[in-house]
Amino acid sequence: MDTLLVRLKPHDPRRGHVLRRYTYRGIKFHEERGWYRVEKPVADYLRAVRQVASDQHSPLAFDVCTDDEAKGLDAKDKEASATRKAATDEIKVSAARTENAVTTEDLPDAAVASGGNKVPDRKGRGK
């Protein structure tokens, strides 16, 4: 009898992937454990399982694949996770500028304070 690989889709509430565990025919599927090798009839059943059983528009709960397809999904997942920034990575953030806004980047070099000097405001007074 043929076998296929199945796994619960990774938890992502924004996409409707909310299941972390599922039990069918005595097999306990855990999202964090990854792929399970099951017989084709079990895989065929799991292929139709939804994240929310009572909602036919809910996303599918399982990835059901051959060995090659599973390797491809794993490679894609690894690539996607590698592009995410870690909490300690430096992330350059810039604020949106409103029209006619003036920042220190717009001032001539001589007017920008360095070493604790005060920058004059629009009326010429030091701040």
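**View 1. Asp-12 is a buried residue that pairs with Arg-15.** In this predicted model, Asp-12 comes out at 15% relative accessibility, so it falls in the buried class. Its salt-bridge partner is Arg-15, with an N to O distance of 3.7 Å. Arg-15 sits at 61% relative accessibility and counts as exposed. The pair therefore joins a buried acid to an exposed base.

**View 2. Arg-37 and Asp-67 link a strand to a helix.** Here the closest N and O atoms are 3.2 Å apart, and the contact is a salt bridge. Arg-37 belongs to strand E4 (residues 36-39), while Asp-67 belongs to helix H2 (residues 67-82), so the bridge ties together parts 30 residues apart in sequence. How accessible is Arg-37? Its relative accessible area is 48%, which makes it partly exposed. Asp-67, at 36%, is partly exposed as well.

**View 3. Asp-63 and Lys-9 form a salt bridge.** The N to O distance for this pair is 2.8 Å. Asp-63 is part of strand E5 (residues 62-65), and Lys-9 is in the loop between strand E1 (3-8) and strand E2 (21-24), so parts that are 54 residues apart in sequence get tied together. Buried or exposed? Asp-63 is buried at 11% relative accessible area, and Lys-9 is buried too, at 19%.

**View 4. Five residues share a salt-bridge network.** Zooming out from the previous pair, Lys-9 and Asp-63 turn up again, now linked with Arg-7, Asp-74 and Asp-77 through salt bridges. For the overall tally, the structure holds nine salt bridges.

Conventions:
Residues numbered from 1 in each chain as written. Predicted model: local features only at pLDDT ≥ 70, side-chain atom pairs only at ≥ 80, totals over all residues. Heavy atoms only, no water. Salt bridge = Lys/Arg side-chain N within 4 Å of Asp/Glu carboxyl O. Helix = DSSP H or I, 4+ residues; strand = E, 2+ residues; numbered from the N terminus. Buried < 20%, exposed > 50% of the residue type's maximum accessible area, 1.4 Å probe, protein only.
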